[in-house]
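Please open the model in your viewer and follow the stops below, selecting each group of residues before reading on.

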Amino acid sequence: MLYSEVVMDHFMNPRNVGTIADADGVGEVGNAKCGDIMRIYLKIKNDVIEDVKFETFGCGSAIASSSMATEMIKGKPLSQALTLTNKAVAEALDGLPAHKLHCSVLAEEAIKNAIKNYYDKNGIEYNEEQFKESAHEHGHCDI
Amino acid sequence: MKIYADNAATTKMSKTAIQAMLPYMEEIFGNPSSLYSIGQTAAEAVFKARESIAECLGCMPAEIYFTSGGSESDNQAIRSAAEFGAKKNKKHIISTAFEHHAVLHTLKKLQKEGFEVTLLDVNENGIVNPEQVEQAIRPDTCLVTVMYANNEIGTIQPIAKIGEICRAKKVTFHTDAVQAVGHIPVNVKNDNVDMLSISAHKFHGPKGVGVLYVRKGIYLSNLIEGGSQERGKRGGTENVPGIVAAAAALKEAVSDLPESSQKLVPLRDKLIDGLLAIPHSVLNGDKEQRLPGNVNICFEGIEGESLLLLLDAKGISASSGSACTSGSLDPSHVLLAIGRPHEIAHGSLRLSLSDENTEEEIDYIIQEVKNVVNYLRNMSPVWRDLQEGKKNYVIQ
Ligand SMILES: Cc1ncc(COP(=O)(O)O)c(C=O)c1O
């Protein structure tokens, strides 16, 4: 099989699919030309992620990565969500095929983008370094 | 329900083909080059298979070469014509943008070796115009290679006309007929072809058996050096069971042809019409000039791999041209060649039918594809933006 059981479970029964109408932060990464886009919606209260939803256009591993990543940050303080790595997402999924690892990168970046969007909207100061894109693993599609 | 709808990828072996090959794995396992009787009986079987295949294609048995498959046949045909051309300082080759990679990658390699390659545009309907070929031919053109029918979008090319042009201009003409033979009538004489590739697993024969037709008088060189098998043009002990089964499968496919396409075409058209009822979908490739079993449609706002996985969960085996399914970075070169933008090409679905598929299965496929496309669109940020008017639909 191409995918692990955990990936298939999160793909077939994705958690947290949808939108949040009055989201406090929205982040989007990817490019339709490359075949995947992830959009993350956050509801934040007292620096804690109260709710999170996602929409994804992409392959099985992109949908599963979104589902897993949103599960991993739900109910967590922002400081903790910011430490979520693509590696942790991939590990939680019991591994991804090598050519699909960029999907977990997208999930990490979509979450960071959403948090950054929340900080920007609310004039909260942050360290730019935290939001640097991991370009090296991201460059799977050069359009 | 379990529905196999990926016959362009490979087919289930026919009972006839399986029965035909069994004796050559059991009692008649001899090497055709051996002198004792089980060897010679095997040689006789290869001889008969060659005759039978020649009859199906309309050529002489001496013009048939057995190979390991469609890819090897393509490689050998193109390499031979290039080698012959180079001897006369003719190093220009004409092909099309949507050939199988067995052709395209061979041409790419030849380019590195100093050949010039012209890849013709295949137009929005996925059909090459014979005039394009005529205009592209130069004094130094040594080969024209144009596929008979495309493996992804099923469009059938005007091979006889292209062959006529090449014959008149004295340019060697090869066609990759892997998707055509056994599915539509093919006759190498009527079609004016010099070389033609076929592959047994595409017409209910075994995998790993191919044929290269080479017209008498056309230069052929070896890819595989070895013994004197195949008149010295392809070394290696013959795949006797495979060859016998390939011949049986082809004979059966060709004799069933009028009947099977009469059954398939209405099923195909019903499936196309049913799927095009899904909003913002488009058929890839000409509707008329297409293989009897091929359906290929793009759905805007979704990605093909997730579509395939969900259809698999519903028991439907199909294929897609999305980058994720090709294992490469780009979506299908065929869909890009007919002008589909990247984001649309990612959302393609190919269903390729055989005459085992039923009308009931077609109804089921239509229903399930509708459900799955809706489901994926509902979680797609691209679809949301289209629906909310933030982006314009590419497919109306
Ligand atoms: C058009 C075309 N050419 C060549 C091939 C390669 O054939 P084979 O798998 O027998 O090498 C295929 C099958 O994948 C094909 O569809």
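This is a predicted model, and the tour begins where its two chains meet: select the boundary between them, where 24 residues of chain B are in contact with 26 residues of chain A. Together the two chains bury about 2,100 Å² between them, and 65% of that area lies on carbon and sulfur atoms. Now select L309(B), M379(B) and P381(B), the residues of chain B that lose the most area to chain A, together accounting for 27% of what that side buries.

For the next stop, show the side chains of E305(B) and K100(A), which meet in a salt bridge with 2.6 Å from N to O. The count of salt bridges between chain B and chain A is 3, while 10 residue pairs, both at pLDDT 80 or more, are in polar contact between these chains.

Then colour the helices of chain B that give two or more residues to the side touching chain A, namely α8 (304–313), α11 (342–345), α12 (359–378) and α13 (381–387). The largest share of that side, 5 residues, comes from α8(B). If you colour the side of chain B that touches chain A by class, you will find 11 nonpolar, 7 polar and 6 charged residues.

Finish at α12(B), a helix of 20 residues that reaches 29 Å from its first C-alpha to its last, close to the 28 Å expected at 1.5 Å a residue. Which residues are buried in α12(B)? Among them are I362(B), I365(B), V369(B), V372(B) and L376(B), and the buried residues of this helix also include E361(B), E368(B) and R377(B).

Note on methods
Residues are numbered from 1 along each chain as its sequence is written. Chains are lettered from A and ligands numbered from 1 in the order in which they are written. This is a predicted model: local features need pLDDT of at least 70, side-chain atom pairs count only at pLDDT 80 or more; totals for chains, interfaces and linings use all residues. Side-chain values use heavy atoms; hydrogens and water are left out. Contact means heavy atoms within 4.5 Å. Buried area is the accessible area (1.4 Å probe) that two parts lose on being put together, summed over both. A salt bridge is a side-chain nitrogen of Lys or Arg within 4 Å of a carboxyl oxygen of Asp or Glu. A polar contact is a pair of N or O atoms within 3.5 Å; within protein, one must be able to donate a hydrogen and the other to accept it, and residues adjacent in sequence count only if both atoms are side-chain atoms. Helices (H or I, at least four residues) and strands (E, at least two) are DSSP runs, numbered from the N terminus. Ala, Val, Leu, Ile, Met, Phe, Trp, Tyr, Cys and Pro count as nonpolar, Asp, Glu, Lys and Arg as charged, and the others, Gly among them, as polar. The expected span of a helix is 1.5 Å times one less than its number of residues. Buried means under 20% relative accessible area, exposed over 50%, partly exposed in between (1.4 Å probe, protein chains only).
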